[in-house]
Amino acid sequence: MLAVAPWTVYWDRNYFVESLPILQAVLTSHVVRGAVTGVGVLSVGAATVDLAAAMYRVFSRPAARAGGSLWADAARQP
């Protein structure tokens, strides 16, 4: 959402721009839009790395004990 929203019409017509005209120049500048997009892209990247690490931990373990599950074992491990 943060990667796409700054470049849509909704960014230009939000509550803060309409209520505080002094912020309009700042919030609608390409620098601020780019910074917000960068935060969005970094967040997606961090989430992807975390998901890959979690999947690696779950699927790299030996087969679960009788009555256990891979998900339950992974939740107990740090």
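This passage describes the fold, the long-range pairings and the surface of a single chain.

The model is a predicted one. Its chain is built from five helices and has zero strands, and reading along the sequence gives the pattern α-α-α-α-α. Of the 78 residues in the chain, 15% count as buried. The chain exposes about 6100 Å², and carbon and sulfur atoms supply 71% of that area. Contacts across long stretches of sequence are also present: among contacts with a separation of 6 or more, 35% join residues 24 or more positions apart.

A convenient place to begin is helix H4, which spans residues 30–59. H4 has 30 residues, and the distance from its first C-alpha to its last is 43 Å. That value is close to the 44 Å expected at 1.5 Å a residue. The buried residues of H4 are Arg33, Val36, Thr37, Gly40 and Val58. A general feature of helices is useful when reading such a list: with 3.6 residues a turn in an α-helix, residues three or four places apart point the same way.

Two of these buried positions can be followed to their partners elsewhere in the chain. Threonine 37, placed in helix H4, has a relative accessible area of 16%, and therefore counts as buried. Apart from neighbours within four places in sequence, threonine 37 is in contact with Leu2, Ala3, Pro6 and Trp7. Glycine 40, also found in helix H4, is buried as well, with a relative accessible area of 6%. When residues up to four places away in sequence are not counted, glycine 40 touches Leu2 and Ala3. Leu2 and Ala3 thus appear among the partners of threonine 37 and as partners of glycine 40. The C-alpha atom of glycine 40 is separated by 9.7 Å from that of alanine 5, a residue 35 residues apart from it along the chain.

The charged side chains supply another link to H4. The structure holds one salt bridge, formed by arginine 33 with aspartate 12, and the closest N and O atoms of this pair are 2.2 Å apart. Arginine 33 lies in helix H4 and aspartate 12 in helix H1 (residues 9–12), so the pair ties together parts that are 21 residues apart in sequence. The two partners can also be described by their accessibility. Arginine 33 counts as buried, at 8% relative accessibility, whereas aspartate 12 counts as partly exposed, at 34%.

Beyond H1, the chain enters the loop between H1 and helix H2 (15–19), where asparagine 14 has its place. Asparagine 14 is buried, with a relative accessible area of 19%, a value under the 20% cut-off. A polar atom of the asparagine 14 side chain lies 2.8 Å from the backbone nitrogen of valine 17.

Finally, the surface deserves a look. Leu51, Met55 and Phe59 form a nonpolar patch there, and together the three have about 310 Å² of accessible area. Methionine 55 has its place in helix H4 and counts as partly exposed, at 33% relative accessibility. Helix H4 thus includes methionine 55 of the surface patch as well as buried residues, including Val36 and Val58.

Note on methods
Residues numbered from 1 in each chain as written. Predicted model: local features only at pLDDT ≥ 70, side-chain atom pairs only at ≥ 80, totals over all residues. Heavy atoms only, no water. Salt bridge = Lys/Arg side-chain N within 4 Å of Asp/Glu carboxyl O. Helix = DSSP H or I, 4+ residues; strand = E, 2+ residues; numbered from the N terminus. Buried < 20%, exposed > 50% of the residue type's maximum accessible area, 1.4 Å probe, protein only. Patch = residues over 30% accessible without salt bridge, like charges linked within 9 Å, V, L, I, M, F, W, Y side chains within 5 Å. Areas by Shrake-Rupley, 256 points an atom, 1.4 Å probe, with all protein chains shown as cover. Polar contact = N/O pair within 3.5 Å; in protein donor to acceptor, adjacent residues only side chain to side chain. Contact = heavy atoms within 4.5 Å. Expected span 1.5 Å × (residues − 1).
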